[in-house]
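User: Please take a close look at one strand of this protein and what surrounds it. Keep it brisk, and give the cut-offs behind each term.

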Amino acid sequence: MKKCIILLSVMGLLSLFTSCSAGYVSQEPEYRYYDRPQSPGQGYIWIDGGWNWNSRSNSYIQINGNWQKQKQGRVYQQGYWKKNRHGSQWIRGSYR
């Protein structure tokens, strides 16, 4: 019984971690363009939209861009598609 509980716990943890990881696609989804809203003011930068992995549909869902306050002394690097032997994976943008 004890082994069964441990096994179920490990399986539950593994499913949690695999559902959080981004997947690979053989073909990058097509980006749908939209109108960019007006800047809310000085000191804001536009962060282009990107993609979020949907583990239920095993596909990427487009997210729209947004205006963000510029972080002083840091530069934002846009997200990009990274290709390897598994396919293409979206790497989110981040401040450097």
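What follows is a close look at strand 7 and its surroundings.

Analyst: First, the ground rules. This is a predicted model, in which local features need pLDDT of at least 70 and side-chain atom pairs count only at pLDDT 80 or more, while totals for chains, interfaces and linings use all residues. Residues are numbered from 1 along each chain as its sequence is written, and side-chain values use heavy atoms, with hydrogens and water left out.

Start with the frame. The protein has 1 helix and 8 strands; helices (H or I, at least four residues) and strands (E, at least two) are DSSP runs, numbered from the N terminus. The order of elements is α-β-β-β-β-β-β-β-β. Of the 96 residues, 17% count as buried. Here buried means under 20% relative accessible area, exposed over 50%, and partly exposed in between (1.4 Å probe, protein chains only). Contact means heavy atoms within 4.5 Å. Among contacts with a separation of 6 or more, 50% come from residues 24 or more positions apart.

Now the strand itself. Strand 7 covers residues 87-91. It is mostly covered, with 4 of its 5 residues buried. Its partner is strand 6, residues 80-84. The two run antiparallel over 5 bridges; strands pair if DSSP finds at least two bridges between them. They form a hairpin, with 2 residues between them. Tyrosine 80 stands opposite isoleucine 91 of strand 7.

Serine 88 sits in strand 7. Serine 88 is buried, at a relative accessible area of 4%. Its side chain makes a polar contact of 3.4 Å with the side chain of glutamate 28. A polar contact is a pair of N or O atoms within 3.5 Å; within protein, one must be able to donate a hydrogen and the other to accept it, and residues adjacent in sequence count only if both atoms are side-chain atoms. Leaving out residues up to four places away in sequence, serine 88 touches Gly23, Tyr24, Val25, Glu28, Tyr60, Trp81, Lys82 and Lys83.

One of those contacts leads to valine 25. Valine 25 lies in the loop between helix 1 (2-20) and strand 1 (44-47). Valine 25 is buried, with a relative accessible area of 13%. Beyond four places in sequence, valine 25 touches Trp53, Tyr60, Trp81, Gly87 and Ser88. Valine 25 and glutamine 89 are 64 residues apart in sequence, yet 6.7 Å apart in space, C-alpha to C-alpha.

Valine 25 also belongs to the largest nonpolar core, which has 5 residues in all: Val25, Trp51, Tyr60, Trp81 and Trp90. A nonpolar core is a set of buried Ala, Val, Leu, Ile, Met, Phe, Trp, Tyr and Cys residues joined through side-chain atoms within 4.5 Å. Another core member is tryptophan 51. Not counting neighbours within four places in sequence, the contacts of tryptophan 51 include Tyr60, Trp81 and Trp90, along with Gln62.

Glutamine 62 is found in strand 3 (residues 59-63). Glutamine 62 is buried, with a relative accessible area of 19%. The side chain of glutamine 62 reaches the backbone oxygen of arginine 32 at 2.8 Å. Past four places in sequence, glutamine 62 touches Glu30, Tyr31, Arg32, Tyr34, Gly50 and Trp51.
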